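Reader: Could you take me on a close tour of one part of this model? I'd like to start from a single pairing of strands and see what is built around it.

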Amino acid sequence: MPKQRLVILSDLHCGSVYGLTPTGWLSVESSEPGNNALMVRTAPERRACWDWFSREIKSLGKINKLVLNGDAIEGKALRQGGLELLTSDEGEQVGIAKRVIEFVNADEVAAIYGTAYHTGMGVDWENFLGDKLAFPVGGQDYYKINGKTFDFKHHLSSSSVPHGRHTPLSREMLWNILWAAKGEFPLADVLIRSHVHYHVVAGGTDWLAMSTPALQSPGTRYGGRRMAGIVDYGFVVFDVAANGDYSYQAHLLHGANAPWAQTAVEW
């Protein structure tokens, strides 16, 4: 098989005013009572994020495979009282995520279940998304691309200290090695996790593990008021050669150009 280009998106949180929002849903009108002031204030950020994302995707050229690694939609956002939603209708949120996937225009698509709080406590909304676009959805799936085995799962434990963020990835990889030794799961060459909204890489001579960046900007009530540490906004691209050699690049929106960047106020 020729070189394969794999794009990994995660934590889109479509339906949140801070989630990835494609053209067609960038209106400042919210279907949620009381949210229009927030919609107006955050509209430039949503548009800037989509403009960046769409440029980065277009720059990649042909995309062979896309994996949506969890939390495609925001859900009801009950803990926030729905105060940061474009819409609380999960069906419409699925429609927003569907438009993102169609924009990426990959030859093949697969998805992984996200966090039940976001994607459905009583129903898995990822299944509706998969049904609409005819792709598989799983809890932990293994895909072999040109001889290299990729292990995908959404959830990963987080850490509030920089040097602790590699430990959960190494632990996940060790569990994979132990499962593989029992002959019950494939031995992974590359392990992919998401959920934590930061991009960290761990590895050795014959393995690589990473947490993927998110596509939800960090201005949420949780992110802006409580969370400690860096949030990484973006996605990851792998190129896997015919002989199995691979390279990867994280496409990240950072620095002074980030639409949420702040400067000190003269007082």
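Author: Happy to. Let's start where strand 8 (residues 200-203) meets strand 9: the two run antiparallel and are joined by four bridges. Please keep in mind that this is a predicted model. Within this pair, valine 200 stands opposite serine 211 of strand 9. The connection between strand 8 and strand 9 is a hairpin, with four residues linking them.

Now look to the other neighbour of strand 9. Strand 7 (residues 190-193) pairs with strand 9 over four bridges, this time in the parallel sense. Here leucine 191 has alanine 209 in strand 9 as its bridge partner. Are the two faces of strand 9 (residues 208-211) covered or open? Both are covered: Leu208 and Met210 are buried on one side, and Ala209 and Ser211 are buried on the other. So the residues we met as partners, serine 211 and alanine 209, belong to one face of strand 9, and both are buried.

Stepping back, these strands belong to an open sheet of five, in the order 5-6-7-9-8, with mixed pairing. Strand 5 (140-145) and strand 8 are the edge strands; each has a single partner strand, so one side of each is left without a neighbour in the sheet. On average, neighbouring strands of this sheet are turned by 15° against each other, direction ignored. At the strand 5 end, six bridges join strand 5 to strand 6 (residues 148-153), and the two run antiparallel. One of the pairs there is glutamine 140 with lysine 153 of strand 6.

What lies across this sheet? Helix 5 (residues 167-181) lies across strand 5, strand 6, strand 7, strand 8 and strand 9, and runs at about 125° to strand 7.

For context, here is the other sheet. Six strands form an open, mixed sheet in the order 4-3-2-1-10-11. Its edges are strand 4 (137-138) and strand 11 (246-252), each with a single partner strand, so one side of each lacks a neighbour in the sheet. Strand 10 (residues 234-240) and strand 11 run antiparallel and are joined by seven bridges, with valine 236 standing opposite alanine 250 in strand 11. Helix 1 (residues 36-59) packs on this sheet, touching strand 1 (4-9), strand 10 and strand 11, and its direction makes about 5° with that of strand 10. Helix 2 (residues 90-104) packs on the sheet too, touching strand 1, strand 2 (65-68) and strand 3 (108-112), at about 155° to the direction of strand 2.

These two helices also meet each other. The axes of helix 1 and helix 2 come within 10 Å and cross at roughly 30°. Trp50, Phe53, Ser54, Ile57 and Lys58 of helix 1 meet Val100, Phe103 and Val104 of helix 2. By class, that contact has six nonpolar, one polar and one charged residues.

Helix 2 has a few details to enjoy at its ends. At its start, a side-chain oxygen of aspartate 89 reaches to within 2.8 Å of the backbone nitrogen of glycine 91. After helix 2 comes asparagine 105, with a positive phi near 60°. Among the buried residues of helix 2 are Val100, Phe103 and Val104, and the buried residues pack against strand 1, helix 1, strand 2, strand 3 and helix 4 (125-133).

Terms used: Residues numbered from 1 in each chain as written. Predicted model: local features only at pLDDT ≥ 70, side-chain atom pairs only at ≥ 80, totals over all residues. Heavy atoms only, no water. Pairing = 2+ DSSP bridges. Contact = heavy atoms within 4.5 Å. Axes fitted to C-alpha atoms, helices over the stretch in contact; angles between N-to-C directions. Buried < 20%, exposed > 50% of the residue type's maximum accessible area, 1.4 Å probe, protein only. Nonpolar A, V, L, I, M, F, W, Y, C, P; charged D, E, K, R; others polar. Polar contact = N/O pair within 3.5 Å; in protein donor to acceptor, adjacent residues only side chain to side chain.
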